[in-house]
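User: I have a predicted model open and would like a close look at one part of it. Please pick a single helix and tell me how it sits among its neighbours.

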Amino acid sequence: MGKPTRVTNDIRRLRFINGEMTQAELARRIDVTRQTVIAIELGRYSPSLEVAFQIAHEFNLPLDAVFRYTSTDH
């Protein structure tokens, strides 16, 4: 797969604290594959803006509480 993205996330932690939601359940709720959820969690894939908002909505959180962009600028 391609190089890792600079977008990081707390999806795994959020799934755990929200009733130990499975990757498959989150994928079903936002209408993507489980493999997509895995890739996003691992930082191998940046979700579309729409999917990112859907994920944040599932956890009742603002987008920046779920995702962060790590800049290489100092």
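Analyst: Happy to help; here is a walk around helix 2 and what surrounds it.

A word on the ground rules first. This is a predicted model, in which local features need pLDDT of at least 70 and side-chain atom pairs count only at pLDDT 80 or more, while totals for chains, interfaces and linings use all residues. Residues are numbered from 1 along each chain as its sequence is written, and side-chain values use heavy atoms, with hydrogens and water left out.

Helix 2 covers residues 23-30; helices here are DSSP runs of H or I with at least four residues, strands are runs of E with at least two, and both are numbered from the N terminus. Its buried residues are Gln-23, Leu-26, Ala-27 and Ile-30. They share one side of helix 2 because they cover an arc of only 100° around the axis, the arc being taken over the directions from the helix axis to the C-beta atoms. This fits a familiar rule: an α-helix has 3.6 residues a turn, so residues three or four places apart point the same way. Buried means under 20% relative accessible area, exposed over 50%, and partly exposed in between, with a 1.4 Å probe and protein chains only. The cover over this buried side includes helix 1, helix 3 and helix 4.

Take helix 3 (34-41) as the next stop. Helix 2 packs against helix 3 at an angle of about 110°, with the axes 8 Å apart; axes are lines fitted to C-alpha atoms over the stretch in contact, and angles run from 0 to 180 degrees between N-to-C directions. That angle makes the two helices roughly perpendicular, a label given to angles of 65 to 115 degrees. On the helix 2 side the meeting residues are Gln-23, Ala-24, Leu-26 and Ala-27, and on the helix 3 side they are Arg-34, Val-37, Ile-38 and Glu-41, where contact means heavy atoms within 4.5 Å. By class, this contact holds five nonpolar, one polar and two charged residues. Here Ala, Val, Leu, Ile, Met, Phe, Trp, Tyr, Cys and Pro count as nonpolar, Asp, Glu, Lys and Arg as charged, and the others, Gly among them, as polar.

Gln-23 deserves a look of its own. It counts as buried because its relative accessible area is 16%. Leaving aside neighbours within four places in sequence, Gln-23 is in contact with Arg-15, Arg-34, Val-37, Ile-38 and Glu-41. Two of those partners also pair with each other: Arg-15 and Glu-41 form a salt bridge, their closest N and O atoms being 2.5 Å apart. Arg-15 lies in helix 1 and Glu-41 in helix 3, so the pair ties together parts that are 26 residues apart in sequence. Both Arg-15 and Glu-41 are buried. A salt bridge means a side-chain nitrogen of Lys or Arg within 4 Å of a carboxyl oxygen of Asp or Glu, and by this rule the count comes to six.

Helix 2 has a salt bridge within its own length too. Arg-28 pairs with Glu-25, with the closest N and O atoms 2.7 Å apart, and the two are three residues apart in the helix, about one turn. Arg-28 is exposed, since its relative accessible area is 56%, whereas Glu-25 counts as partly exposed at 23%. Both belong to a salt-bridge network that also includes Arg-29 and Glu-58.

Where does the chain go from here? Just after helix 2, Asp-31 takes a positive phi of about 60°. Val-32 then sits in the loop between helix 2 and helix 3, and at 22% relative accessibility it counts as partly exposed. Not counting residues up to four places away in sequence, Val-32 touches Ala-27, Val-37 and Val-51. Val-32 and Val-51 are 19 residues apart in sequence, with their C-alpha atoms 8.5 Å apart.

Val-51 brings us to helix 4 (residues 49-58), where it is buried along with Ala-52, Ile-55 and Ala-56. These four lie on the same side of helix 4, because their arc around the axis is only 140°. Leu-49, Glu-50 and His-57 are exposed on the other side. Helix 2 is among the elements covering the buried residues of helix 4, including also helix 1, helix 3, helix 5 (63-66) and strand 2 (67-69).

Notes: Angles under 35 degrees count as roughly parallel, over 145 as roughly antiparallel, 65 to 115 as roughly perpendicular and the rest as oblique.
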